[in-house]
Amino acid sequence: MEMHVKMERICNDFTINIATANGTGSQSSNLIILNSMFQMGVPVSGKNLFPSNISGLPTWFIIRASDNGYQSPGDKAHIQVLMNKDTWFKDLESLEPGTIVIYNEDAKLPVDRDDCPSFGMPMTKMARGINPKLARLMCNMYYVGALAHLLGIEQNALEMAVRNQFKGKEKAIELNLRAISEGLDYATENWEDEIPYRVESREKDPDSFLIEGNEAIALGSIFGGINMLSWYPITPSSSLAEGIIQWLPELRDADDGGSTCAVIQAEDELAAAGMVIGAGWAGGRGMTCTSGPGISLMSEFIGLAYFAEVPGVIWDVNRVGPSTGLPTRTQQGDLSMLYEASHGDTQHIVLIPGTVDECFEYGWRTFDYAERFQTIVFGFSDLDLGMNRWSTSGFEYPDSPMDRGKVLRSQEEMDAVENYGRYRDVDGDGIPYRTLPGSGLDPILYRGTGHDEDGIYSEDPDVYYATISRLKKKIEGARDLLPAPIIREEEEQQIGVIYYGSMENSITEIDDMLESTGLSVSTCRVRALPYHSEVESFIERHEKVIVLEINRDGQMYGILRKELPAHLIPRLHSVAYTDGLPPRARVYADMILDTLEVTA
Amino acid sequence: MTVMKLNVIDLEKSEYTGGKSSLCPGCGHDQISNVIIQAAWENGIPPEGIAKMSGIGCSSKTPAYFLGKSHGFNTVHGRMPSVTTGASMVNRSLSFLAVSGDGDTASIGIGQFIHAIRRNLDMVYIIENNGVYGLTKGQYSATVERGSKKKKGAMNEQPPIDLCAMAINLGCSFVARSFSGSKKQLTSIIRAAMGHRGMAVIDVISPCVTFSNNDESYKSYNYVKENDEVLHLLDYIPHFTPIEEVDIPEGEFDDIQMFDGSTLRLETVGDEHDPSDPMSALSAIHRAEMDNKHVTGLLYYDNSMQTAEEALGLTETPLSALSEHELRPSADALDDINSRFRGN
């Protein structure tokens with residue numbers, strides 16, 4: 001085979017697919033590979049495709065190295081690791097000729113692909129030598145050693161990654177390093193062939209590290225002064241709540257040793273939302289985090305907060321719907337639900353981070369917006385951004401003090417407001433003043449029923465119309481105070497692509513694919529709803545605008561069509577696709593090209 | 001007896017009244033509102049220190065009719081406990097006084113009722129229980145007794161959910177039942193509940209004059225009056241009244257010390273009831289149910305339980321009163337976190 005001739009080296013440009021069974025500890029092995037490459041400065045990304053299951057069902061981990069900085073999973077695997085008997089044949093069958101196969105010989109299953117160079121290792125047997133009881137878990141460390149040998153992962157990077165993974169657990173560090181080095185030695189001694197793929201050190205930003213979006217939001221909310229976290233466990237948002245719980249004792253204990261943030265595991269998402277509203281009503285910063293099914297349950301309360309004008313923060317880490325859907329897969333399918341959650345006419349502020357830096361930033365900013373606008377503010381993330389690890393150069397400290405909004409805390413402040421009423425638009429911006437329970441200032445009975453400017457029950461048609469018109473004006477006023485879009489514009493303003501959220505991780509590659517066909521493509525990443533006026537001017541400047549999103553129906557496209565001036569609507573074209581997997585650049589690039597052809 | 005014009009904090013009773021009721025004339029709920037006004041005034045609680053909470057229904061409208069100087073929140077159907085929980089976490093210095101109905105609590109909101117009890121939220125939770133949905137024109141609720149019949153429609157055949165029995169089984173720290181027509185008993189119970197630390201559930205039978213005040217209804221005014229099994233006579237002695245000034249009853253009595261230093265004096269009538277014994281409370285409820293009667297009084301009391309705020313180890317200052325300095329960790333703290341993530 002050509003393997004024996006001098007082969008062309010392919011550095012830092014390949015995808016590894018690792019097939020294991022859930023609950024076998026393979027996540028540690030996979031993160032060690034990811035992190036050791038990261039430590040070498042190799043631009044790398046990892047995607048965990050896991051099942052809704054505690055133990056036994058198949059799981060895949062995709063690692064992509066790319067000097068171009070491409071972070072989507074890639075079109076195909078260049079290297080396949082086979083550990084799982086259940087998916088063995090299907091995994092093998094799907095490989096393109098030439099794919100490198102690394103497999104556990106102890107699975108005792110054939111590797112019938114003569115067109116794929118394969119490398120076997122008795123991983124389970126070797127792991128038994130270290131610890132018979134832990135062999136099922138430890139055997140996964142042997143493919144780390146195998147890959148380290150074949151790809152040329154440096155020893156010190158491996159050690160650093162292992163130490164990072166098992167922070168301070170010396171016994172685990174020692175055992176796992178031993179397994180990795182046994183795997184590496186076995187490969188060195190028994191495998192003669194080389195493979196074309198190599199990792200090569202790059203200059204690493206010394207400030208950079210990898211972190212999950214959920215943990216970034218958790219930290220951001222703690223720096224945002226969260227007072228109350230109510231939550232109900234649901235994938236993929238649980239690790240956000242658990243991140244807050246983990247970091248609170250270190251960061252948020254008062255001088256008397258008591259906590260400055262209450263954490264309540266609620267009985268369901270309805271209660272979690274109610275607690276957020278109670279906290280906001282009483283003058284605190286309340287937050288909950290959930291996924292689509294939770295938002296469905298919270299919807300009645302969201303309408304109450306909108307109408308009674310109570311601040312609160314709700315994070316939706318989107319998974320695949322409808323219904324229980326694919327609970328461990330990713331999607332941007334909740335956007336339109338968030339924007340108009342609850343019955344009647346409603347409209348909510350939605351912040352949409354696309355990077356872990358923005359996850360941290362919006363973690364604190366959501367509270368400022370919620371108190372400024374006295375309403376629910378959503379943070380909109382997804383499983384891909386929330387539960388996979390992404391690079392940052394370090395989080396930036398909030399650049400502005402907390403905005404506690406229009407709260408009157410004393411009689412003097414109250415007297416300074418002319419013609420005060422809880423729901424009177426004194427300043428002309430649609431945002432009224434409020435007082436807090438316990439203050440004795442203008443005590444009213446908050447209600448979800450119709451109310452006049454003083455908060456008194458009313459069914460008067462004029463009063464109702466005035467109220468909902470002011471609410472519209474209030475949220476409308478948020479537009480240009482919310483994060484502006486990130487625009488990367490070409491001089492020839494031919495094609496514009498509007499996208500948002502975790503699509504950020506695939507856009508560079510999509511853009512390169514489009515431009516390789518000779519197109520000139522500008523991009524605009526929307527970071528909040530209601531969308532900023534710069535989004536509209538971006539559309540004004542482009543002949544054709546693709547709205548790119550990870551859902552079936554084109555939800556952002558729908559929102560834009562509803563709110564844009566009529567003459568801009570014909571420029572918009574929806575490209576929406578979802579199958580539960582993180583977006584692959586090729587799929588979306590081809591759909592965009594097809595759409596442009598059809599509309600040419 | 002001299003008529004007090006001012007309470008212990010020098011406020012007139014008018015400081016505790018609210019807006020005009022829009023309920024049906026003669027509604028039991030209005031009597032309860034009057035008792036709440038009386039109890040809060042007599043206890044000398046600053047009105048601004050109270051937060052009135054409610055769900056949806058006839059009863060949940062009543063916070064508009066009492067304590068006009070207190071903030072309140074008329075939330076959504078059955079979900080008042082969660083809103084109260086959030087508010088209570090953020091401002092533990094408020095006294096939470098909640099009003100709910102039998103539909104609001106025993107049907108749509110039974111889950112939140114249960115979990116608020118389980119957390120021992122520090123609040124007074126009054127259920128104005130009439131066995132029917134009023135605002136939707138008289139459907140049965142889940143607390144209606146088997147064999148009871150409202151004014152229109154068939155007799156109810158399903159067993160009732162007894163909210164007091166449920167609360168006792170869940171470990172609620174203060175459980176009482178009363179009747180809107182028993183002003184003295186109800187006043188003592190509500191006053192004691194206000195001095196309690198933790199969840200105080202008070203199930204108040206409150207006849208619906210429009211849909212079920214007929215004699216075949218077990219929650220009609222006449223029926224309850226005839227079939228009220230009073231456990232004990234109650235006297236509430238606030239902590240600011242020297243105990244020597246209170247008349248000592250002639251018969252047997254027990255004093256229960258409340259958290260705020262006040263005393264609830266239980267004077268025995270008939271069989272002695274031990275409110276510290278949940279089994280005795282549950283059998284009193286079941287015996288009464290079998291006889292189609294209502295047992296009233298302080299059913300169960302336990303002052304040893306941790307409240308939700310205590311269990312969470314919150315700082316003493318209400319969280320809503322903390323400054324930015326106390327809420328936002330320093331820039332150094334973030335530098336340190338970044339540095340640790342970098343592996344330095």
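What follows is a working chat about a predicted model with chains A and B.

Q: Before I lean on this, what are the ipTM and pTM of the model?
A: This is a predicted model, and its scores are ipTM 0.97 and pTM 0.96.

Q: And what does the pLDDT of chain B average?
A: Chain B averages a pLDDT of 95, and 99% of its residues score at least 70.

Q: Okay, the contact of the two chains then: how many residues does it take from each?
A: Chain B gives 50 residues to the contact and chain A gives 56 residues. On the side of chain B that touches chain A, the elements that give two or more residues are β1 (50–54), β2 (71–74), α3 (80–90), α5, α11 (324–327) and α12 (331–341) of chain B.

Q: Which of those gives the most?
A: That is α3(B), which gives eight residues to the side of chain B that touches chain A.

Q: How do the residues on that side of chain B divide into nonpolar, polar and charged?
A: The side of chain B that touches chain A divides into 21 nonpolar, 20 polar and nine charged residues.

Q: You listed β2(B) there; which strand of chain A is joined to it, and do the two run parallel or antiparallel?
A: Strand β18 (residues 445–447) of chain A is joined to β2(B) by three bridges, and the two strands run parallel. Within this pairing, A:R447 has B:N74 in β2(B) as its bridge partner.

Q: Staying with strands, is β13 of chain B buried or exposed?
A: Strand β13 (residues 294–301) of chain B has eight of its eight residues buried, so the strand is largely enclosed by the rest of the structure.

Q: Which strands sit beside β13(B)?
A: Strand β7 (residues 174–179) of chain B pairs with β13(B) in the antiparallel sense over four bridges, and there B:A176 has B:L298 as its bridge partner. Strand β9 (residues 228–230) of chain B is joined to β13(B) by three bridges and runs parallel to it, with B:D228 standing opposite B:H294.

Q: What about the hairpin of β11(B) and β12(B), where is the positive phi?
A: The positive phi is at B:G261, near 95°, in a hairpin that has five residues between the strands. The strands themselves, β11 (residues 253–257) and β12 (residues 263–268) of chain B, pair in the antiparallel sense over five bridges, and B:D255 stands opposite B:R265 in β12(B).

Q: Which residues other than glycine have a positive phi that you can point me to?
A: A:E309 has a phi near 65°, and B:N120 has a phi near 55°. A:E309 is found in the loop between α10 (292–308) and β13 of chain A, while B:N120 lies in the loop between α5 (110–119) and β4 (123–129) of chain B.

Q: Why do you call A:E309 and B:N120 buried?
A: A residue counts as buried when 20 or more other C-beta atoms lie within 10 Å of its own. A:E309 is buried because it has 24 other C-beta atoms within 10 Å, and B:N120 is buried because it has 23.

Q: Where are the cis peptide bonds?
A: In chain A, the bond from A:G321 to A:P322 is cis, with omega near 0°, and the bond from A:L529 to A:P530 is cis, with omega near -5°. A:P322 lies in the loop between β13 (312–320) and β14 (326–330) of chain A, whereas A:P530 lies in the loop between β22 (528–529) and α17 (533–540) of chain A.

Q: New topic: where does A:E215 lie, and how far is it from A:C359?
A: A:E215 lies in helix α7 (residues 213–223) of chain A. A:E215 and A:C359 are 144 residues apart in sequence and 8.6 Å apart in space, C-alpha to C-alpha.

Q: What domains is chain A divided into?
A: Chain A is divided into domain 1 (2–198), domain 2 (211–392), domain 3 (406–483) and domain 4 (486–598). The centres of domain 3 and domain 4 of chain A, taken over C-alpha atoms, are separated by 38 Å, and seven residues of domain 3 are in contact with five residues of domain 4. The domain 3 side of that contact has four nonpolar, no polar and three charged residues.

Q: Last one: what does UniProt place at residues 56–204 of chain B?
A: An unreviewed UniProt entry places the feature "domain: Thiamine pyrophosphate enzyme TPP-binding" there. In the model, residues 56–204 of chain B are 35% helix and 23% strand, and the end C-alpha atoms of the span lie 17 Å apart.

Methods. Residues numbered from 1 in each chain as written. Chains lettered and ligands numbered in written order. Predicted model: local features only at pLDDT ≥ 70, side-chain atom pairs only at ≥ 80, totals over all residues. Buried ≥ 20, exposed ≤ 12 C-beta atoms within 10 Å, placed from the backbone. pLDDT = per-residue confidence, 0-100. UniProt positions renumbered as here; feature names shortened; annotations may be inferred. Nonpolar A, V, L, I, M, F, W, Y, C, P; charged D, E, K, R; others polar. Pairing = 2+ DSSP bridges. Domains from an automatic or database assignment.
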